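The following exercises concern helix geometry and helix packing. Each task is followed by a solution worked in steps.

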Amino acid sequence: MTDTPFTIAGRTFSSRLIVGSGKYPSHAVMTQAIDASGAEIVTVAVRRVDLAARGGESLRDYLEARQLFVLPNTAGCYTVDDAVRTARLAREAGLSNWVKLEVIGDERTLFPDTEALVVATRILVSEGFVVLPYTNDDPIVCRKLEDAGAAAVMPLGAPIGSGLGIQNENNIRIICEFATVPVIVDAGVGTASEAARAMELGVDGVMMQTAIAQAQDPVAMADAMKHAVLAGRLAYRAGRIPRKMYATASSPVEGLIGT
Amino acid sequence: MQITLNGEPYELDQPLSVDDLLARLDLDPRRVAIEYNLSIIRRPVWPQTIVQEGDRLEIVNFVGGG
């Protein structure tokens, strides 16, 4: 069955799984895990250079060697101003004008400040950025982000790093139905079945970091996630059977002996 | 003279270009982006941008993140 391509802002990607590049036990494990995930888009953070330490270049060397698509984020930004400044620096440091936009509203939940997010999206779109905002699982906010020019919307499945799975499946479904841009579930996935579940709901892609990086075996989990996203997508396209309360026999009822 | 570099006070003997500052800090210019007094300064203007007393610079790069 031929799938429609996964295309964001006119650019088509081979994998519907997007992975982060932080929180791995080591650089070696990170590179093996990202390789195993099959992901083509990898997120990075923008931070002040460490003037005391050297050797932080290995991440970028790896990403460039594999020709991965680097998606900088504005993680850790709590204001429109900081997020916009960080996005501008990311564009200057990188090769593209794409940004995974985060404007965080609360330290404990890391839930987005959706009001600020819409404002920051509008500013960055006007400056020529391709903006992928990390947002709530709120269809109305997603619609506002789309109206503001977002190239995709990235609703959370559950709080960042929580591994709780998709908390509001119905909202994710509604977001998919409303959206005319790709929907990427970002955050909340804990294990492979949850990634598959997200894809079965009809989202275009899944983004994760902690579920892979902090798994006991990140490389194996990355492989599992690759298959989960593929399986979930296939199942979504294949169309599941309706749920029924009672059994329907799987074997013919004709030709039974003893009747 | 003193500047603010990545949020911290930093001493310089005399004004110098952004290019020279990167060399002094032993930073690979291809790997960083710079905000100079709250505005991005692009690579082509690094050589002629002179860092002066009281200037605020942010020098960033990419690190692992999700």
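Angles under 35 degrees between helix axes count as roughly parallel, and angles over 145 degrees as roughly antiparallel. The model examined here is predicted.

**Exercise 1.** Determine how helix H5 (residues 139-147) and helix H6 (residues 169-178) of chain A are oriented relative to each other.

*Solution.*
1. Two packed helices are described by the angle between their axes and the distance between the axes.
2. For H5(A) and H6(A), the angle is about 30 degrees and the axes lie 9 Å apart.
3. H5(A) and H6(A) are therefore roughly parallel to each other.
4. The crossing of H5(A) and H6(A) is right-handed.
5. H5(A) contributes Pro139(A), Ile140(A), Cys142(A), Arg143(A) and Glu146(A) to the contact, while H6(A) contributes Asn171(A), Ile174(A), Ile175(A) and Phe178(A).

**Exercise 2.** Compare the expected span of helix H9 (residues 218-238) of chain A with the distance between its end C-alpha atoms.

*Solution.*
1. At 1.5 Å a residue, the 21 residues of H9(A) should span 30 Å.
2. The end C-alpha atoms are 30 Å apart, which agrees.
3. After H9(A) comes Gly239(A), with a positive phi near 85 degrees.

**Exercise 3.** Establish how the buried residues of H9(A) are arranged around its axis.

*Solution.*
1. Buried in H9(A) are Pro218(A), Met221(A), Ala222(A), Met225(A), Ala228(A), Val229(A), Gly232(A) and Arg233(A).
2. Viewed down the axis of H9(A), these buried residues fall within an arc of 120 degrees, so they line one face of the helix.
3. An α-helix has 3.6 residues a turn, so residues three or four places apart point the same way.
4. Leu230(A) and Ala238(A), on the other side of H9(A), are exposed.
5. The cover over the buried residues of H9(A) includes strand E3 (17-19), helix H1 (27-37) and helix H7 (192-200) of chain A.

Conventions
Residues are numbered from 1 along each chain as its sequence is written. Chains are lettered from A and ligands numbered from 1 in the order in which they are written. This is a predicted model: local features need pLDDT of at least 70, side-chain atom pairs count only at pLDDT 80 or more; totals for chains, interfaces and linings use all residues. Side-chain values use heavy atoms; hydrogens and water are left out. Helices (H or I, at least four residues) and strands (E, at least two) are DSSP runs, numbered from the N terminus. The expected span of a helix is 1.5 Å times one less than its number of residues. Buried means under 20% relative accessible area, exposed over 50%, partly exposed in between (1.4 Å probe, protein chains only). The arc is that of the directions from the helix axis to the C-beta atoms. Contact means heavy atoms within 4.5 Å. Axes are lines fitted to C-alpha atoms, for helices over the stretch in contact, and angles run from 0 to 180 degrees between N-to-C directions. Angles under 35 degrees count as roughly parallel, over 145 as roughly antiparallel, 65 to 115 as roughly perpendicular and the rest as oblique. A crossing is left-handed if the near helix is turned anticlockwise from the far one by less than a right angle, and right-handed if clockwise.
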